[in-house]
Amino acid sequence: MLLDNKPLEDLDLSDLQKLVDDEVSEITRIDYKSELKIATGDEKREFLNDVSSFANAKGGYIIFGITEAAGKPTAIPGIKMDNPDAEILRLDNLIRDKIVPRIPGIHMKEIHVVDNHYCLVIQIPQSWAKPHMVDMGNPKFFTRNSKGKHPLDYHEIRSAFDLSGDARQRIEAFHTKRLGDIIAGITAPVKLGNGPK
């Protein structure tokens, strides 16, 4: 995907315009939003459901300030923000406080459109600590597929916990074995020298 080929900090308005020009559809890994509404409890919950669904799936991007029709971006009006840094901090705090467990590696960037209008790009990585739950009184788990966000059913939640535990155990086992091999001097195909490693 176009956005994956460039670090988030290097994205600019021309990259977003390319999404519009190329009619890059909303898919499992991208979601366009024309407005950023998180004033009410329901709006906050909807925002958090979107964020957690990406982390519980393959990761992706939410882009605020782009209009869409039938899943295809149509224009970049941006959203009015007097203080983009404060808005990013507010969203970051909301994500950190209301999604359990915390999602590591979320990054946000504002992209200036015109005057005090910006697009806000949120990059959400695929999480190895999934499943993530939105904890706002009625805890729920969400994920994504080609048709968008949907709640996990009982079997999907159980499977997500099993896979997450297996991944952690495999990583820990690999780490322990590799450290043992290095201490024992088994470092083929590359022989490591003496001293710290």
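How many aromatic pairs does a search of the whole structure find? The search finds one, and the first close-up below, drawn like the others from a predicted model, is devoted to it.

**View A. Phe-47 and Phe-64 form a tilted aromatic pair.** The ring centres lie 6.1 Å apart, with 40 degrees between the planes. Phe-47 belongs to helix 2 and Phe-64 to strand 2 (residues 60-64), so the pair ties together parts that are 17 residues apart in sequence. Phe-47 counts as buried because its relative accessibility is 4%. Phe-64 is also at 4% relative accessibility and counts as buried.

**View B. The largest nonpolar core has 25 residues.** Phe-47 appears here again: together with Val-51, Leu-120 and Ile-122, Phe-47 has the most contacts inside this core. At least two residues of the core come from each of helix 2, strand 2, helix 3 and strand 8. Helix 2 gives the most, with five residues. Take a moment to look around Val-51: leaving aside residues up to four places away in sequence, Val-51 touches Ile-62, Ile-95, Ile-99, Ile-103, Ile-106 and Ile-124. A second core of 16 residues is separate from this one, and Leu-19, Tyr-32, Ile-66 and Val-121 are among its members.

**View C. Helix 3 (residues 84-98) has a buried side.** The 15 residues of this helix should span 21 Å at 1.5 Å a residue, and the end C-alpha atoms are indeed 21 Å apart, which agrees. Pro-84, Glu-87, Ile-88, Leu-91, Leu-94 and Ile-95 are buried in helix 3. These residues cover an arc of only 125 degrees around the axis, which puts them on the same side of the helix. An α-helix has 3.6 residues a turn, so residues three or four places apart point the same way. What lies over the buried residues of helix 3 includes helix 2 (41-56), strand 6 (99-100), strand 7 (107-114) and strand 8 (117-124). On the other side of the helix, Asp-85, Leu-89 and Asp-97 are exposed.

**View D. Strand 10 (residues 140-145) holds Thr-143.** Thr-143 counts as buried because its relative accessibility is 9%. Not counting residues up to four places away in sequence, Thr-143 touches Ser-53, Asn-56, Ala-57, Gly-148, Lys-149, His-150 and Leu-152. A further detail to look for is Arg-144, which lies over the face of Phe-54 at 4.1 Å from the ring centre.

**View E. Two peptide bonds that lead into prolines are cis.** One runs from Val-100 to Pro-101, with omega near -15 degrees. Pro-101 sits in the loop between strand 6 and strand 7. The other joins Lys-130 and Pro-131, where omega is about 5 degrees. Pro-131 is found in the loop between strand 8 and strand 9 (133-134).

**View F. Glu-23 and Ala-70 have a positive phi although neither is a glycine.** For Glu-23, phi is about 50 degrees. Glu-23 is in the loop between helix 1 (13-21) and strand 1 (30-33), and at 44% relative accessibility Glu-23 counts as partly exposed. For Ala-70, phi is about 55 degrees. The loop between strand 3 (67-69) and strand 4 (72-75) is home to Ala-70. At 83% relative accessibility, Ala-70 counts as exposed.

Note on methods:
Residues numbered from 1 in each chain as written. Predicted model: local features only at pLDDT ≥ 70, side-chain atom pairs only at ≥ 80, totals over all residues. Heavy atoms only, no water. Helix = DSSP H or I, 4+ residues; strand = E, 2+ residues; numbered from the N terminus. Expected span 1.5 Å × (residues − 1). Buried < 20%, exposed > 50% of the residue type's maximum accessible area, 1.4 Å probe, protein only. Arc of directions from axis to C-beta. Contact = heavy atoms within 4.5 Å. Phe/Tyr/Trp six-rings, centres within 6.5 Å; stacked < 30°, edge-to-face > 60°. Lys NZ or Arg CZ within 6 Å of the ring centre and 35° of its normal. Core = buried A, V, L, I, M, F, W, Y, C linked by side-chain atoms within 4.5 Å.
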